[in-house]
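Me: I'm new to reading protein structures, and I'd like to go through one feature by feature. Could you show me how?

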Amino acid sequence: MAGKDITITTPDGTFGAYLAAPTAGKGPGIVVIQEIFGVNGFVRAVADGFAARGHFALAPDLFWRIEPNVQLTDKTNEDWKRAFDLMGRFNADLGVKDIQATIARLRNEPGANGKVGAVGYCLGGLLAYLTAARTDADATVGYYGVNIQTMLGEAANIRNPLMLHIAEKDEYVPPEAQKQIIDGLKGNPHVTIHTYPGMNHAFARVGGQHYDQANAELANGRTSTFFRQHLS
């Protein structure tokens, strides 16, 4: 079933989102949380992939308050500049509110089983961590989240399963930050952390400069198993 653009209405306003539905028309929900490039081809492909595996996958436009319908790539310097500018102006607290609204939308999707997870990449990796701490998501996965170490005070609020994928050579998450994250979360029984030796940031972004098929497939397989365990 082909994905489609929909709108989500909240007290703060209305924003767009990309919805991919499973062919069977039933299953759990997954919120796909964007990178700094918006709800672009990569994010839509991720949503399509989850739909093909039996999920309702919904990717909200989290930059809507700044500039609606951003769809950048990682291929040009101009797009990178715009992406970093958007990230600098982005309010993560409001973004998490929008993710909660997206979760609520998925819980009420016809055919959905009421369970909703979330998965995020890069900026979305940080937002996935905050989603686990601040929303009612049933299970959450973050890929190479940036600046999680600055938010460890919220770890005690994580009461549903969270999985983090950390790239050992992440240019945006230095070794000391990785150690802080691992040490700060190791006491929480709801958190699982996987580290990928030799991998740089965005190793799971298909077509990206640091894409590594073997490690991407390993991480994605762990994510799929995790969601099967907690969203069925």
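Me: Which residues line the largest cavity?

Reply: Before the list, keep in mind that this is a predicted model. Here's the general idea: rolling a probe the size of a water molecule over the atoms shows where empty space is left. In this structure, the lining of the largest cavity is made up of Tyr144, Gly145, Ile148, Leu164, His165, Ile166, Ala167, Asp170, Val173, Gln178 and Ile181. Two elements, strand 7 (162–167) and helix 5 (175–185), give two or more residues each to that lining. Strand 7 has the largest share, with four residues.

Me: How many cavities of 30 Å³ or more does a search of the whole structure find?

Reply: Just one of 30 Å³ or more turns up. The space in the largest cavity comes to about 70 Å³. Sort its lining by class and you get seven nonpolar residues, three polar and one charged.

Me: OK, now the pockets. What is the volume of the largest pocket, and which residues are the closest to its centre?

Reply: The largest pocket has about 370 Å³. It is lined by 23 residues, and the closest to the centre are Ile36, Phe84, Cys122, Tyr172 and His201. For the elements involved, look at helix 2 (77–89) and helix 4 (123–134), which each supply at least two lining residues. Helix 2 gives the largest share, three residues. By class, the lining of this pocket divides into 13 nonpolar, six polar and four charged residues.

Me: And what about the second largest pocket: how much space lies in it, and which residues lie nearest its centre?

Reply: The second largest pocket holds about 250 Å³ of space. Its lining has 16 residues, with Val46, Arg53, Tyr121, Ala204 and Asn220 nearest the centre. Helix 1 (41–52) and helix 6 (213–231) are the elements that give two or more residues to this lining. The classes here are ten nonpolar, four polar and two charged.

Me: Let's switch to rings. How many aromatic pairs does the structure hold, and how do I read one?

Reply: A pair of aromatic rings is described by the distance of the centres and the angle of the planes. This structure holds twelve aromatic pairs. Take Phe37 and Trp80: their ring centres are 5.0 Å apart and their planes are at 85 degrees, so the pair is edge-to-face. Planes over 60 degrees apart get that label.

Me: Where do Phe37 and Trp80 lie?

Reply: Phe37 is in the loop between strand 3 (27–33) and helix 1, while Trp80 is in helix 2, so the pair ties together parts that are 43 residues apart in sequence. Phe37 counts as buried because its relative accessibility is 1%. Trp80, at 24%, counts as partly exposed. The cut-off to remember is that buried means under 20%.

Me: Can you give me another pair to practise on?

Reply: Sure, try Tyr143 and Tyr144. Their ring centres are 5.9 Å apart and the planes are at 70 degrees, so this pair is edge-to-face. Tyr143 is buried, with a relative accessible area of 0%, and Tyr144 is buried as well, at 1%. Both are members of one aromatic cluster, which also includes Phe42, Tyr121, Tyr196 and Phe203.

Me: Tyr144 was also in the cavity lining. What is its phi?

Reply: Start with the general rule: most residues other than glycine have a negative phi, and most peptide bonds are trans. The phi of Tyr144 is near 35 degrees, a positive value in a residue other than glycine. Tyr144 sits in the loop between strand 6 (139–143) and strand 7. Ala202 also has a positive phi, about 65 degrees, although it is not a glycine. You'll find Ala202 in the loop between strand 8 (191–196) and helix 6, and it is buried, with a relative accessible area of 4%.

Me: One last residue, please. Is Thr10 buried or exposed, and what does its side chain reach?

Reply: Thr10 counts as buried because its relative accessibility is 15%. Thr10 lies in strand 1 (residues 4–10). Its side chain reaches the backbone oxygen of Gly13 at 2.9 Å. Leave aside neighbours within four places in sequence, and Thr10 is in contact with Phe15 and Ala101.

Key: Residues are numbered from 1 along each chain as its sequence is written. This is a predicted model: local features need pLDDT of at least 70, side-chain atom pairs count only at pLDDT 80 or more; totals for chains, interfaces and linings use all residues. Side-chain values use heavy atoms; hydrogens and water are left out. Buried means under 20% relative accessible area, exposed over 50%, partly exposed in between (1.4 Å probe, protein chains only). A polar contact is a pair of N or O atoms within 3.5 Å; within protein, one must be able to donate a hydrogen and the other to accept it, and residues adjacent in sequence count only if both atoms are side-chain atoms. Contact means heavy atoms within 4.5 Å. On a 1 Å grid over the protein atoms alone, a cavity is a set of points where a 1.4 Å probe fits but cannot get out, and a pocket is an open set with protein on both sides within 12 Å along at least five of seven lines; lining residues have an atom within 4 Å of a point. Grid points are joined across faces, edges and corners, and a volume is the space filled by probe spheres set on the points. Ala, Val, Leu, Ile, Met, Phe, Trp, Tyr, Cys and Pro count as nonpolar, Asp, Glu, Lys and Arg as charged, and the others, Gly among them, as polar. Rings of Phe, Tyr and Trp (its six-membered ring) pair if their centres lie within 6.5 Å; planes under 30 degrees apart count as stacked, over 60 as edge-to-face and the rest as tilted.
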